[in-house]
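Here is my note on the model you sent round. Please read the points with the structure open beside you.

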Amino acid sequence: MALNKNALIRYKTIDKCLQNNFRQWTLDNLINACSDALYEYEGRAINVSKRTIQLDIQMMRSDKLGYNAPIVVYNKKFYKYEDEDYSITNIPLNENDMNVLSETVEMLKQFKDFSLFSELGGIIQRLEDKVYTEKTDQSAIIHLDKNEKLKGLEHLDVLYQSIIKRMVLKIKYQSFKAREASEVIFHPYILKEFNNRWFLIGRPGKEAKKPIVTFALDRILCIDYDTSITYKNNNFNGDEYYRDVIGVTVSNNRAERIQLWVDKKNAPYVITKPFHRSQRIIKKTEDGVIFNIFVQINFELERLILGFGDSIEVIKPKRLRDRMKLKLEKAAGFYKDFGEKRSQSYK
């Protein structure tokens with residue numbers, strides 16, 4: 001059955017609304033939500049009538065699209081999913097969907113060797129694996145490292161669209177250090193994923209003259225738009241901004257040469273999966289490998305080094321070497337007498 005784009009946007013919006021069990025949804029609420037979503041995607045006001053939403057709900061309840069959505073009305077005016085875990089995004093793919101996906105995968109595989117599509121390899125394999133598991137009802141062959149309980153992922157699409165359409169945001173954000181949330185005017189530039197978490201990078205303030213800020217999506221409480229403010233990108237280049245950085249924390253200090261030694265047992269892991277694109281092997285010794293990277297010293301770099309435990313050593317710079325030494329001494333202290341007493345108190 002052919003569907004137009006606006007109808008799909010409305011179905012998706014109604015679905016998101018009804019998944020939110022912390023709010024009661026009247027027909028007028030759903031009309032307003034769909035109107036806002038269409039304005040966001042189209043950049044213009046589109047009239048959504050009461051009759052349109054009623055027909056959408058009827059269509060979602062039916063099996064014409066395979067949704068069979070358990071939408072019920074309670075107190076004669078509020079809509080909700082009878083099954084609180086239901087979502088139209090969770091329904092299995094039908095045969096037609098599978099055929100389209102199969103054709104798409106085959107088409108993409110023809111281009112994977114071109115330099116322009118060099119990053120598609122993993123995506124194509126994931127798609128192919130998804131098609132295979134759906135068709136054969138077998139368990140997945142490709143298992144991705146993911147955190148399904150991670151908060152904030154519901155904001156991804158809204159933020160992506162706001163960046164594409166150059167929209168200024170009003171973000172309610174609460175950092176781990178803040179006692180209360182605060183509302184921030186924000187000019188979004190890019191989305192970045194690191195270590196299974198997503199981050200929004202941009203500039204706060206109406207004029208976007210303040211330094212670049214990084215917001216973790218799991219700390220964003222809600223998002224709105226401010227169409228009265230002109231979006232300003234200030235020629236931000238994400239590739240340039242993160243060129244000398246591991247992770248997402250930009251220290252605004254100059255990048256410097258970090259020299260490290262890793263033991264022979266772990267050297268292959270570092271060689272085959274470099275710390276950073278600037279990594280260069282300096283010397284191979286009998287007991288390991290000495291290598292350099294050229295990056296800013298930040299939290300993520302320290303975490304990466306600490307993750308190798310006793311198999312790695314910072315040679316220089318001295319301040320980073322001293323910092324790692326202090327951290328390791330503190331960690332070792334947890335396993336001395338005091339640590340033993342603390343472990344006893346948990347029994």
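The numbered points below go from the overall make-up to the sheet, one helix, the aromatic pairs and a single loop residue.

1. This is a predicted model, in which local features need pLDDT of at least 70 and side-chain atom pairs count only at pLDDT 80 or more, while totals for chains, interfaces and linings use all residues. Residues are numbered from 1 along each chain as its sequence is written, and side-chain values use heavy atoms, with hydrogens and water left out.

2. The protein chain holds 11 helices and 11 strands, where helices (H or I, at least four residues) and strands (E, at least two) are DSSP runs numbered from the N terminus. Of its 347 residues, 37% are buried, buried meaning under 20% relative accessible area, exposed over 50% and partly exposed in between, with a 1.4 Å probe and protein chains only. Among contacts (heavy atoms within 4.5 Å) between residues at least 6 apart in sequence, 56% join residues at least 24 apart.

3. One open sheet has four strands in the order E9-E10-E8-E11, with antiparallel pairing; two strands pair if DSSP finds at least two bridges between them. Strands E9 (280–284) and E11 (312–316) stand at the edges with a single partner strand each, so one side of each has no neighbour in the sheet. Direction ignored, neighbouring strands of this sheet are turned by 25 degrees against each other on average. E9 and E10 (residues 288–295) are joined in the antiparallel sense by four bridges, and the bridge partner of Ile281 in E10 is Phe291.

4. Helix H10 (residues 318–333) packs on that sheet, where H10 touches E8 (256–263) and E11, and its direction makes about 145 degrees with that of E11. For such angles, axes are lines fitted to C-alpha atoms, for helices over the stretch in contact, and the angles run from 0 to 180 degrees between N-to-C directions.

5. Helix H9 (residues 299–306) has Glu300, Leu301, Glu302 and Ile305 as its buried residues, and these pack against strand E4 (182–194), E8, E10, E11 and H10.

6. The structure holds 11 aromatic pairs, a pair being rings of Phe, Tyr or Trp (its six-membered ring) with centres within 6.5 Å, counted as stacked with planes under 30 degrees apart, as edge-to-face over 60 and as tilted otherwise. Tyr74 and Phe78 make a tilted pair, because their ring centres are 5.5 Å apart and their planes stand at 40 degrees. Tyr74 is partly exposed at 23% relative accessible area, whereas Phe78 is buried at 10%.

7. Tyr173 and Phe215 are stacked, at 4.0 Å centre to centre and 15 degrees between the planes. Tyr173 lies in strand E3 (residues 169–173) and Phe215 in strand E6 (residues 213–216), so this pair ties together parts that are 42 residues apart in sequence. Tyr173 is buried at 13% relative accessibility, and Phe215 is buried at 8%.

8. Two lysines sit over rings, by the criterion that NZ of Lys or CZ of Arg is within 6 Å of the ring centre and within 35 degrees of the ring normal. Lys80 lies over the face of Tyr74 at 5.0 Å from the ring centre, and the charged end of Lys192 sits 4.5 Å from the ring centre of Tyr242. Tyr242 also belongs to one aromatic cluster with Tyr189, Tyr231, Phe236 and Tyr241.

9. Asn233 lies in the loop between strand E7 (220–225) and helix H7 (238–241). Leaving aside neighbours within four places in sequence, Asn233 is in contact with Arg166, Tyr189 and Arg203, and its side chain reaches the backbone nitrogen of Phe236 at 2.9 Å.

Technical notes:
Polar contact = N/O pair within 3.5 Å; in protein donor to acceptor, adjacent residues only side chain to side chain.
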